[in-house]
Amino acid sequence: MIANYGYTDGSGEYYIAINTDDCLECPQHLCVNACPKNIIEIIEDDYDDLVAAVKDESRKALKYICADCKPSSERPPLPCVSACPNGSLSHTW
Amino acid sequence: MAENKEFWRWTEYSWRDENKDWRGAAIITAGIDVGSVSSQAVIMADGELYAFNNTRTGSNSPDSANKAIEGALAGTGLTLENINFIVGTGYGRVNVPFAHKAVTEIACHARGANFMGGSEIRTILDMGGQDCKAIHCDEKGKVTNFKMNDKCAAGTGRGMEVMADLLEVPITEVGDLSFQVEEEPPPVSSTCVVFAKSEAMALLRDGWKKEKVLAAYCSAMAHRVSSLLDSVGVQEKFFITGGIAKNRGVVERLEKELGVKAVKTKIDSQIAGALGAALFAKTLFEKQQAKSVA
C-alpha cells in the first residue's frame, strides 16, 4: 500500500509517501531512528502488518516539522529517505 | 422576528430490510462510523445488509455512537448482546464504547465501496464532512494507495453546508439548483471555505442569482477534489462515498472534469464506512472463531 501522510493547504502540498509493502521486508525499520524530529513510527495497520507511518500528531504540520532538513540552498539528502534501503519513502515537496 | 431555519440540516433516518429475519443468521456484525459531521451504524446478517441508521454527530462521540446503534436496532428485536462483533471507524472510532476493534475509515470505505459498487471498483473518493480522501483498492477492497486532506474544509460536506446556509437553500436542493444557470460561471475560491463564503457574499451583492453562486461553488468543489484524485490517479471503475455523493451538482461537474463516470448504487453513499466496518467485523469474528477452534 502507498500511504500518503500529510495535507494540502493554500500554500501547497505536503505529503510523505511510504510504500508499506516494502516495510514487510525490512525488519530494521531504519527510517524510524533516522528522522531527527522523531515523526516516524511502526504501527500495526488495518491488515495486521507492521509498517512505518508518520505519527498522527505530526501529519498536519509536516511543512514546519521537516523544514530543518530542507534548507533552501545546498539541501543534503533527507535522512529518512536515505535510510530506507528499499527507496520506499519520498516527500512531495 | 425571522424564522431561524437550518438549511444545512439533512434528514436523519433508519432503514431495515423487512424481508430478512436476523434470527436465522449465523453471524451478526455491526459497523459504527462516527464521522465529524454524521454518524452511521450498519447491521449485517451473514454478510448481507440488514439495517442501518444515519444520524448527525453531536459534541460527544460515545453518545453519537450510541444514538446511531440505537437507531439501527430500533424495531428489529435485536440487542447489542445479539451482535457477535462490532467495529468502530471514522474520526471518533476510538470512542465507540461497545466496539471490539477500531479500523481506519480509509480501509472501511474501500471495503464498503467494494461491497456497494462491486469488485471492479479501483478508485474511491470519500467526500466526508470535514475531510476528503482519494483511495485505490484491489478486487477484494484492500487499500493499495491513499491520500487524504483533512486540514482544509474546501471540498468537504461542511463547506457545502456553510454555503447552503448562506444562500438559504436546503442542502438537498443544492445540486439541482446549481444547474439552473444559462452558462457555467467561473468557480469561486477552491482553497478555503471562509474565503469562498466571502466571495459568494460579494457575488450576491453584485447581483448574481443564488443558482449561479451555487454553480460556482459546486464547480470549485469539483475542481478541488479532482486535484486530490489526480495526484493518486483515477483508475476505473470509480466510486464516490460520503454525503456529497448525493449532490449531483458536484458529482456531474467532477465526472466532466475527470472524464470518468462514477458507478452509482441504490445504497446510501453515506453508510459506506460503517458498511465496510461491519464487513471487517465479520472477517475478524471468523478469524477469532477459527483461532478458538484451533
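Buried, in what follows, means under 20% relative accessible area, and I begin there because eleven of the 13 residues of helix 2 of chain B are buried, so that this helix is largely enclosed by the rest of the structure. Please keep in mind throughout that this is a predicted model.

Let me stay with helix 2 of chain B for a moment. Its buried residues include B:E105, B:H109, B:R111 and B:N114, along with B:I106 and B:M116. The helix has 13 residues and reaches 17 Å from its first C-alpha to its last, which is close to the 18 Å expected at 1.5 Å a residue. After the helix comes B:G118, with a positive phi near 100°.

What surrounds this helix, then? Part of the reply is an open sheet of eight strands with mixed pairing, which runs in the order 5(A)-2(A)-1(A)-9(B)-8(B)-7(B)-10(B)-11(B). Its edges are strand 5 (89-91) of chain A and strand 11 (262-263) of chain B, and each has a single partner strand, so one side of each is left without a neighbour in the sheet. At the chain B edge, strand 10 (residues 238-241) and strand 11 run parallel and are joined by two bridges, and B:F239 has B:V263 in strand 11 as its bridge partner. Helix 2 of chain B packs on this sheet, where it touches strands 7, 8, 9, 10 and 11 of chain B, and its direction makes about 60° with that of strand 8. Helix 7 (residues 248-258) of chain B packs on the sheet as well, touching strands 7, 10 and 11 of that chain, with a direction about 150° from that of strand 10.

Between strand 10 and helix 7 of chain B there is a loop, and B:N247 has its place in that loop. Is B:N247 buried or exposed? With a relative accessibility of 8%, B:N247 counts as buried, and, leaving out residues up to four places away in sequence, it touches B:M160, B:V174, B:G175 and B:C218.

I turn now to the other sheet I want to show, which is open and mixed in its pairing, and whose six strands, in chain B, follow the order 1-4-3-2-5-6. Here strand 1 (13-16) and strand 6 (101-102) stand at the edges with a single partner strand each, so one side of each has no neighbour in the sheet. Strands 3 and 4 of chain B pair in the antiparallel sense over eight bridges, and B:S38 stands opposite B:R56 of strand 4. Helix 8 of chain B packs on this sheet, touching strands 2, 3, 4, 5 and 6, and its direction makes about 140° with that of strand 2. In the loop between strand 3 and strand 4 we find B:D46, a residue other than glycine whose phi is nonetheless positive, near 50°.

Finally, the nonpolar cores. The largest has 46 residues, and those that touch the most other members are A:I16, A:I18, A:I39, A:I40, A:L89, B:V42 and B:F146. Helix 8 (residues 272-293) of chain B gives the most to this core, namely five residues. Domain 1 (13-102 + 271-293) and domain 2 (120-263) of chain B both contribute residues, so the core lies between them. Apart from this core lies another, of 43 residues, which includes B:L177, B:A196, B:V213 and B:A220.

Definitions and conventions:
Residues are numbered from 1 along each chain as its sequence is written. Chains are lettered from A and ligands numbered from 1 in the order in which they are written. This is a predicted model: local features need pLDDT of at least 70, side-chain atom pairs count only at pLDDT 80 or more; totals for chains, interfaces and linings use all residues. Side-chain values use heavy atoms; hydrogens and water are left out. A nonpolar core is a set of buried Ala, Val, Leu, Ile, Met, Phe, Trp, Tyr and Cys residues joined through side-chain atoms within 4.5 Å. Buried means under 20% relative accessible area, exposed over 50%, partly exposed in between (1.4 Å probe, protein chains only). Helices (H or I, at least four residues) and strands (E, at least two) are DSSP runs, numbered from the N terminus. Domain bounds come from an automatic or database domain assignment. Two strands pair if DSSP finds at least two bridges between them. Contact means heavy atoms within 4.5 Å. Axes are lines fitted to C-alpha atoms, for helices over the stretch in contact, and angles run from 0 to 180 degrees between N-to-C directions. The expected span of a helix is 1.5 Å times one less than its number of residues.
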